[in-house]
Amino acid sequence: MQHRTRKERRFDETEQDLASFSPFTSVLSSTDRAFHLLSYLGNRNPFPRSITGQDTVWLLDNTAYRNEKTGKWEAEFVSAAFSQRSSCAVVDAVGAVAGKIDLDENDPDYPTLKERIRPFVQDIKPGAQVRARQEGSTSLKLGPGGRNGISSDVKGLPKSDSGALLVPTFAEVPKGADGLLEMKTFYAEPEGWGVISDIDDTIKITQTSDPIGILRTTFLDKPEPCPGMPELYRFVQSLIQETSPWFYLSASPYNLYPFLRDFRQQNYPHGTIILRDASWMSLSGLLTTLTLGTEDYKVDRMEKIHSWLPKRKMICIGDSTQSDPEAYGKIYRAYPGWVKVILIRKVEDIAAIGIEAKNEPERFEKAFEGVPRDVWHVFSDPTECKKFIQDAPSSTLLFCISHSIRLFHPAMSASKRQKSSKDVPYELIYWPGIPGRGEHVRLALEEAGALYTDTAQIENGVDQVTTQIDESNIGDDLNPPPFAPPILRHGDLLISQTPNILLYLGPRLGLVPSEDDEEHPDAIYKINALALTALDGLSDEVHDCHHPIASGLYYEDQKEEAKRKSKDFVQNRLPKFLGYFERVLQGKASGEGPWLYGGQLTYADLVLFQCLDGTKFAFRKAVTAAERSGKYAHVFKLYAAVKERPKIKEYLASKRRQDYSMGIYRYYEELDFGPEGRD
């Protein structure tokens with residue numbers, strides 16, 4: 001089918017016009033000739049070349065895994081080296097592509113073409129060795145590279161000192177050298193879930209069945225995600241553990257790595273991009289690698305991933321333009337039980353699909369011969385995949401989800417729990433790096449075991465926050481723009497303001513008595529009043545202690561006023577609010593147990609816990625003294641009871657719980673007054 005597509009779409013004619021713009025064969029010095037000959041030895045080359053200040057180096061993100069025999073960490077490190085100069089006729093190469101895509105030299109997009117074509121015309125540097133350092137301690141020698149300037153080395157690694165999932169490695173190069181000098185290694189334990197995804201026409205519009213379309217989308221057009229796919233990937237990410245690795249497997253050549261990495265960072269979860277080590281310094285090779293031998297190539301690379309993580313359960317996502325169905329079918333049959341879900345995007349744009357036969361049902365039936373029908377699904381609308389994934393044969397999918405680090409299946413043990421009417425995860429949009437007001441929402445979701453995503457835990461999640469509160473955002477047909485985070489998205493609904501979000505979540509998460517509870521009529525309004533009071537006195541007022549004049553000024557600009565405000569808070573306001581909640585907990589409406597209302601845990605208890613925890617961080621002397629005084633025994637009993645809730649306890653001990661820093665709750669020694677405002 002690949003050869004038929006190439007013939008009908010006249011790939012050969014386009015390639016012939018581009019072929020002559022490979023680099024000229026220049027006269028090499030005897031030293032260069034020796035280095036070129038030695039590069040045939042690959043990483044067995046005894047005399048590698050060093051990186052100079054006139055070179056370009058790329059370090060590619062990778063995934064670390066445990067060696068099955070030793071149990072120790074290792075990873076395949078891929079680097080590329082080439083000269084910053086080009087010995088080929090760059091202007092002719094640019095002109096050839098411009099002619100094919102009808103781009104005039106005076107067109108404002110012409111510089112974009114020149115910039116993107118650069119990696120295809122820079123001279124490769126065979127036999128080069130790259131020195132790097134991981135997380136500041138582990139020294140690595142990568143290479144020497146082969147004839148194509150690419151090196152691939154499996155290196156043993158220590159466990160990350162910080163326990164982080166993503167660990168950086170930096171190239172150690174002379175001044176003047178440029179490129180991608182930082183990479184990230186994702187540490188993946190042996191078991192759990194993983195995702196293998198195609199790139200071109202699966203998550204990025206490429207038009208891989210049209211030679212001119214490939215040239216335009218690669219060298220000129222702004223890269224565009226396939227409609228609905230970023231949302232689908234966020235959904236998948238919400239269902240699997242944050243420790244789950246993602247692999248983006250593409251038939252594109254390595255020349256496109258920086259281009260595709262930037263695209264991935266802007267639109268999709270972090271993952272290892274695996275590309276073909278072909279077509280260096282060859283524009284025609286771009287078309288060849290995307291259209292020939294893709295099935296065998298992808299099967300080979302998936303076999304490598306299987307050798308790294310044979311106990312993982314994989315979700316494979318591709319499209320109908322190339323050989324993804326055939327490759328995924330073959331890998332399913334080769335390794336029974338490894339692939340659990342296969343999703344194929346049916347591309348219906350003729351420029352992308354090339355020939356309509358690629359979408360015929362017979363093709364998919366043949367490709368997935370021997371694969372159970374409830375494992376694979378061909379879709380046009382990505383939203384239909386959500387139900388398919390949740391209904392996947394392996395109840396194992398949702399079983400594993402329920403044990404994930406950050407996400408839980410919303411099966412509630414208490415009979416009063418209510419499931420959401422929207423069959424999608426919650427999406428919390430809040431600043432990374434601080435617990436802040438978003439922490440009240442997290443605690444509710446964690447306690448209820450709800451499916452949710454959190455921008456604070458997603459790479460470049462801050463971009464989602466800034467997009468929502470940007471002055472250019474005027475909302476959509478259903479939702480006005482939010483003023484500030486926290487923001488909650490649930491299906492088509494987008495709401496903000498912490499109490500408002502909790503008011504919405506309370507009934508859905510079982511964190512208020514049900515509406516038909518006759519013993520506690522109109523409970524939600526009473527619980528909301530309790531939450532608002534805690535936020536007023538033990539959140540807003542605590543914030544005002546370090547910023548009493550203006551939030552736009554630095555703390556140092558209002559330090560003296562902050563001292564006066566803090567002393568008054570400790571002396572007057574803190575006892576007032578602690579005393580109020582002590583009275584609430586002693587009242588009959590509190591009911592049995594340590595809770596504020598109705599004898600059951602509600603979101604007001606979670607709010608009070610978080611407010612007290614933050615205040616305890618900011619005013620250590622005063623809160624410690626208040627606890628020891630015995631005046632507020634019921635308040636601190638509630639605090640301890642929330643802290644020991646199984647899911648809350650697990651969450652507080654996890655890395656998802658962010659440290660207090662420069663948010664609402666800050667610690668300044670000069671503001672940490674003792675009881676009655678004493679120093």
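Asp201 is placed in the loop that runs between β10 (192–197) and α6 (211–219). The model is a predicted one, and in it the phi angle of Asp201 is near 70°, a positive value in a residue that is not glycine. In general, most residues other than glycine have a negative phi. Asp201 also has a relative accessibility of 2%; because buried means under 20% relative accessible area, Asp201 counts as buried.

A positive phi is found again at Gln497, where the angle is near 75° and the residue is likewise other than glycine. Gln497 occupies the loop between β19 (493–496) and α18 (498–508).

The account now turns to the backbone at certain prolines. Most peptide bonds are trans. The bond from Gly143 to Pro144, however, is cis, with omega near 5°. Pro144 belongs to the loop between β5 and β6 (150–157). A cis peptide bond also joins Pro485 and Pro486, and here omega is about 10°. Pro486 lies in the loop between α17 (461–469) and β18 (487–490).

Strand β5 itself comprises residues 138–142. In a regular strand the side chains alternate between the two faces of the sheet. Strand β5 shows such an alternation: Thr138, Leu140 and Leu142 are buried and point to one face, whereas Ser139 and Lys141 point to the other face and are not buried. The partner of β5 is strand β4 (residues 130–134), and the two pair in the antiparallel sense over five bridges. Within this pairing, Val130 stands opposite Leu142 of β5. Leu142 is thus a residue to examine from two sides: its side chain is among those that are buried, and its position in β5 faces Val130.

Another proline, Pro310, lies in the loop between α10 (294–308) and β13 (312–319). Its relative accessible area is 24%, so Pro310 is partly exposed, since the partly exposed class falls between the limits of 20% and 50%. Pro310 and Trp338 are 28 residues apart along the chain, and their C-alpha atoms are separated by 7.1 Å.

The final feature concerns charge on the surface. Glu356, Glu360, Glu362 and Glu365 gather there in a patch of negative charge. Of these residues, Glu365 is located in helix α13 (residues 361–367). With a relative accessibility of 46%, Glu365 counts as partly exposed, because exposed would require over 50%.

Notes. Residues numbered from 1 in each chain as written. Predicted model: local features only at pLDDT ≥ 70, side-chain atom pairs only at ≥ 80, totals over all residues. Heavy atoms only, no water. Patch = residues over 30% accessible without salt bridge, like charges linked within 9 Å, V, L, I, M, F, W, Y side chains within 5 Å. Areas by Shrake-Rupley, 256 points an atom, 1.4 Å probe, with all protein chains shown as cover. Salt bridge = Lys/Arg side-chain N within 4 Å of Asp/Glu carboxyl O. Lys, Arg positive; Asp, Glu negative; His and termini not counted. Charge placed at Lys NZ, Arg CZ, Asp CG, Glu CD. Helix = DSSP H or I, 4+ residues; strand = E, 2+ residues; numbered from the N terminus. Buried < 20%, exposed > 50% of the residue type's maximum accessible area, 1.4 Å probe, protein only. Pairing = 2+ DSSP bridges.
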